[in-house]
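I opened a fresh page for this one and took my notes in the order I looked things up. Coffee first, then the structure.

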Amino acid sequence: MKIPEPRGPISDGLFGLLAGEPGADPTAQDTLHRLVTGTLPVVGDVIEDGDVQLALFCLYELHYGGLDGVDDRWEWNPGLIALRQLLEEPFEQALRSAARLSAGPPGLAPAGDLDSDAVAEVLFGLAARDSGPGMSGHVAKKATLQQLREFLIHKSIYQLKEADPHTWAIPRLAGRAKAALVEIQADEYGGGRPDRMHSALFARTMRGLGLDDSYGGYVDAVPAISLASVNMMSLFGLNRRLRGAIAGHLAIYEMTSSRPNQLYGNGFRRHGFDAGVTGYFDEHVEADAVHEQIAGRDLAGGLVEAEPALLPDVLFGATAVLAIDARLTMHIMGAWENGSSSLRSPLPAAA
Amino acid sequence: MTQVQQEPAADGSIVLCPDGPILVRGNFELVTPSGDPVPRQRKTVALCRCGASAIKPYCDGTHKMVRFRTEADATPSKKETV
């Protein structure tokens, strides 16, 4: 991925550091560490802070496809891992309080050990409560072509690497939960057909609307909350202690997907796009109706049966998705209702 | 972590999902009454059980919106082997 434009002193300092060789400039590394330590306490809301979210996004990116021109050895540089942990700690805290708010009054988690059917039922119940502010309805019925393009740009931050954050969890699981995750991921990655990979289907949709389908091509364009929703998955996926959260995250993602994707597809059909463009959404209607059953019962449920102590984290992952995605939707819909762009700077008018 | 034997040895399984579809995994052919193959994009499929899916024979999650309920006693053992 191309290195984005810095959004403040933290991302600026990070990109400066990454331009050099790992370990070549310990003073700059110390300076950045001190800057982060000094800055974080005065950041109002870590989730909506562009500088923090961009720095985290790029630190995580070192574990995915890497950053153009950056030495791959930075990935496991102890100083950078320490920096990432400095940023992750308040981010996780903020996610936990957002998730608690979204979960509503206590009483959600039944006492005692739950079997996998009961875990699935709790998760389906949570997903059903997510009425959401109506993004899919708007896309289906009202969104302009320019809004459809913005919608794809927000989604592209994740969808061009769709499924990757959850894949980190595979070696951290065992037995039924592991088999379930592998079964879902194999489908996400196209069942052996590269052109059927969900990320490839999404790239095709972007090209159909004249958008750049290169990975990370629109990182500069999206607000902090769009980056935060993807950073949340990387946080859950890359930290083994949060394997419950990544399982809950995937389950809710799948459980809140089929119907919205049907509506998204309708929105693009309304603008005259054919199956080449809507294929991504059509695929998710069918795939996620399968995945939600496996993710709820076998992945999340199987994990809780094997490790009952992880139930709170499964629910944390699930409610964090609902909370963060609701904020992202509010941001986008709020901008559109005001007749403005939901991006940091408006796209040039569609060709 | 102990490794638990999860599945009996069988070619596949049919899972009766509570209030949801029928999940079929393993080796099987999905055919029309005349024996023609039904287009299929994935190994494991969810077959519509509520009748409300727009992409039958597959499930599209609509059972949640029509509040489809499987009888409480219909799934005494949730998994049958084929």
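**Entry 1: burial.** Before counting anything, I fixed my term: buried means under 20% relative accessible area. I also noted that this is a predicted model. With that cut-off, 58% of the 351 residues of chain A count as buried. I then looked up the accessible surface of chain A, which comes to about 13500 Å². Carbon and sulfur atoms hold 55% of that surface.

**Entry 2: overall form.** I found 15 helices and zero strands in chain A. The C-alpha atoms fill a box of roughly 55 × 55 × 40 Å along the principal axes. What radius of gyration does chain A have, set against a compact globule of 351 residues? I got 20 Å for chain A, which agrees with the value near 20 Å for such a globule. I checked contacts along the sequence too: of those in chain A with a separation of 6 or more, 82% are between residues 24 or more positions apart.

**Entry 3: a helix pair.** My next stop was helix 11 (residues 224-238) and helix 12 (residues 243-255) of chain A, whose axes are 8 Å apart and meet at an angle of about 135 degrees. Parallel, perpendicular or oblique? Angles under 35 degrees count as roughly parallel, those over 145 as roughly antiparallel and 65 to 115 as roughly perpendicular, so helix 11 of chain A is oblique to helix 12 of chain A. Helix 11 of chain A brings A:M232, A:M233, A:F236 and A:G237 to the contact, and helix 12 of chain A brings A:A245, A:I246, A:H249 and A:Y253. I sorted these contact residues by type and got six nonpolar, two polar and no charged.

**Entry 4: A:R172.** I went to the loop between helix 8 (164-167) and helix 9 (175-188) of chain A, where A:R172 is found. Its relative accessibility is 21%, so A:R172 counts as partly exposed. Which residues does A:R172 touch, leaving aside neighbours within four places in sequence? I listed A:G237, A:L238, A:N239, A:R240 and A:R243. For A:R172 and A:R243 I noted a C-alpha to C-alpha distance of 7.1 Å, with their positions 71 residues apart in sequence.

**Entry 5: A:N261.** Last, I looked at A:N261 in helix 13 (residues 258-270) of chain A. Buried or exposed? At 5% relative accessibility, A:N261 counts as buried. Beyond its neighbours within four places in sequence, A:N261 is in contact with A:Y280, A:F281, A:H284, A:V285 and A:D288.

Technical notes
Residues numbered from 1 in each chain as written. Chains lettered and ligands numbered in written order. Predicted model: local features only at pLDDT ≥ 70, side-chain atom pairs only at ≥ 80, totals over all residues. Heavy atoms only, no water. Axes fitted to C-alpha atoms, helices over the stretch in contact; angles between N-to-C directions. Helix = DSSP H or I, 4+ residues; strand = E, 2+ residues; numbered from the N terminus. Contact = heavy atoms within 4.5 Å. Nonpolar A, V, L, I, M, F, W, Y, C, P; charged D, E, K, R; others polar. Rg over C-alpha atoms; globule rule 2.2 N^0.38 Å. Buried < 20%, exposed > 50% of the residue type's maximum accessible area, 1.4 Å probe, protein only. Areas by Shrake-Rupley, 256 points an atom, 1.4 Å probe, with all protein chains shown as cover.
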